[in-house]
Amino acid sequence: MRVAAAILTLAVATGCEVTVDPDSGTGSGSTTGGTGTIDVADARAKLDKLTVVTKTGSMSGYRRDKFPHWRETGSNCDVRDTVLKRDGTKVKVSGCNVVAGTWTSVYDGQKITDPAKVDIDHVVPLANAWRSGASAWTTEKRQDFANDLKDPQLVAVSASANRSKGDQDPSTWKPQQTGSWCQYAQDWIVVKSQWKLTVTAKEKVELKKMLEKCR
């Protein structure tokens with residue numbers, strides 16, 4: 001209540017829309033702050049139902065701008081702001097813009113205190129989605145995928161981990177933090193299942209191995 005009173009006093013005194021919320025953000029230990037976490041048995045069942053292809057699809061025609069992001073979520077707000085607020089701790093905002101906080105990258109354990117240095121990763125990369133079915137989607141559907149806050153598709157991570165991952169699937173890249181493999185595999189499976197994307201045989205094998213890390 002003291003924090004809320006201080007915020008109200010600041011707003012009234014300055015006459016501007018400045019919000020400082022030091023206790024916002026979930027700071028959850030899961031790969032994402034989304035709602036797609038499922039139990040391991042369900043994850044295995046969903047994985048077995050995914051369509052397996054013998055080779056990755058073509059990158060012909062792919063461009064990142066075919067997956068428009070970040071979508072606006074209100075006055076001067078966008079999906080990136082939403083994920084930063086959700087995944088951080090002690091987050092401070094000015095209007096909708098996140099200006100401070102602490103983020104722990106679940107991919108490599110890095111702690112980041114400058115929001116400008118935080119990347120918002122697509123758990124299933126846009127290029128991977130393109131190769132596994134999204135090339136046939138409308139731009140509107142690809143936009144929905146790129147801004148998906150309902151499924152565990154977006155997560156705040158370190159820039160170095162995001163660059164290291166690129167557009168790779170679990171057969172060629174996994175988070176440095178092995179403790180996050182269980183959740184990462186579940187999140188990957190949830191997204192591919194929800195969006196009816198394909199997996200390769202090697203990708204499926206590695207996802208099964210990662211699920212073995214679940215306790």
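This report describes the disulfides, one buried proline and one helix pair of a predicted model.

## Disulfide pairing

A disulfide is a covalent bond between the sulfur atoms of two cysteines. The predicted structure holds two disulfides, and when the bonded cysteines of the chain are numbered in sequence order, their pairing reads 1-2, 3-4.

## The link of C77 and C96

One disulfide joins C77 to C96, with an S to S distance of 1.6 Å. C77 belongs to strand β3, which covers residues 77–78, whereas C96 sits in the loop between β4 (89–94) and β5 (97–104), so the bond ties together parts that lie 19 residues apart in sequence. Both cysteines, C77 and C96, are buried.

## The link of C182 and C214

A disulfide also joins C182 to C214, here with an S to S distance of 2.0 Å. The link of C182 and C214 is right-handed, with 100 degrees about the S-S bond. This pair connects distant parts of the chain, since C182 is found in helix α7 (residues 181–194) and C214 in the segment after α8 (201–211), 32 residues apart. Burial applies to both C182 and C214.

## The surroundings of P125

P125 is placed in the loop between β7 (118–122) and α4 (126–131). Is this proline buried or exposed? Its relative accessibility is 5%, and because buried means under 20%, P125 counts as buried.

Leaving aside residues up to four places away in sequence, P125 touches K165, G166, D167, Q168 and W188. For one of these contacts the separation is given in two ways: P125 and K165 are 40 residues apart in sequence, and their C-alpha atoms are 8.9 Å apart in space.

## Packing of α2 and α7

Two packed helices are described by the angle between their axes and the distance between the axes. For helix α2 (residues 40–49) and α7, the axes come within 9 Å and cross at roughly 45 degrees. An angle of 35 to 65 degrees falls outside both the roughly parallel and the roughly perpendicular ranges, and α2 and α7 are therefore oblique to each other. The crossing in which α2 passes α7 is left-handed.

On the side of α2, the contact is made by V40, A43, K46 and L47, while α7 contributes Q186, I189 and S193. By residue class, the contact of α2 with α7 divides into four nonpolar, two polar and one charged.

Definitions and conventions
Residues numbered from 1 in each chain as written. Predicted model: local features only at pLDDT ≥ 70, side-chain atom pairs only at ≥ 80, totals over all residues. Heavy atoms only, no water. Disulfide = S-S within 2.5 Å. Helix = DSSP H or I, 4+ residues; strand = E, 2+ residues; numbered from the N terminus. Buried < 20%, exposed > 50% of the residue type's maximum accessible area, 1.4 Å probe, protein only. Contact = heavy atoms within 4.5 Å. Axes fitted to C-alpha atoms, helices over the stretch in contact; angles between N-to-C directions. Parallel < 35°, antiparallel > 145°, perpendicular 65-115°, else oblique. Left-handed = near helix turned anticlockwise from the far one by under 90°. Nonpolar A, V, L, I, M, F, W, Y, C, P; charged D, E, K, R; others polar.
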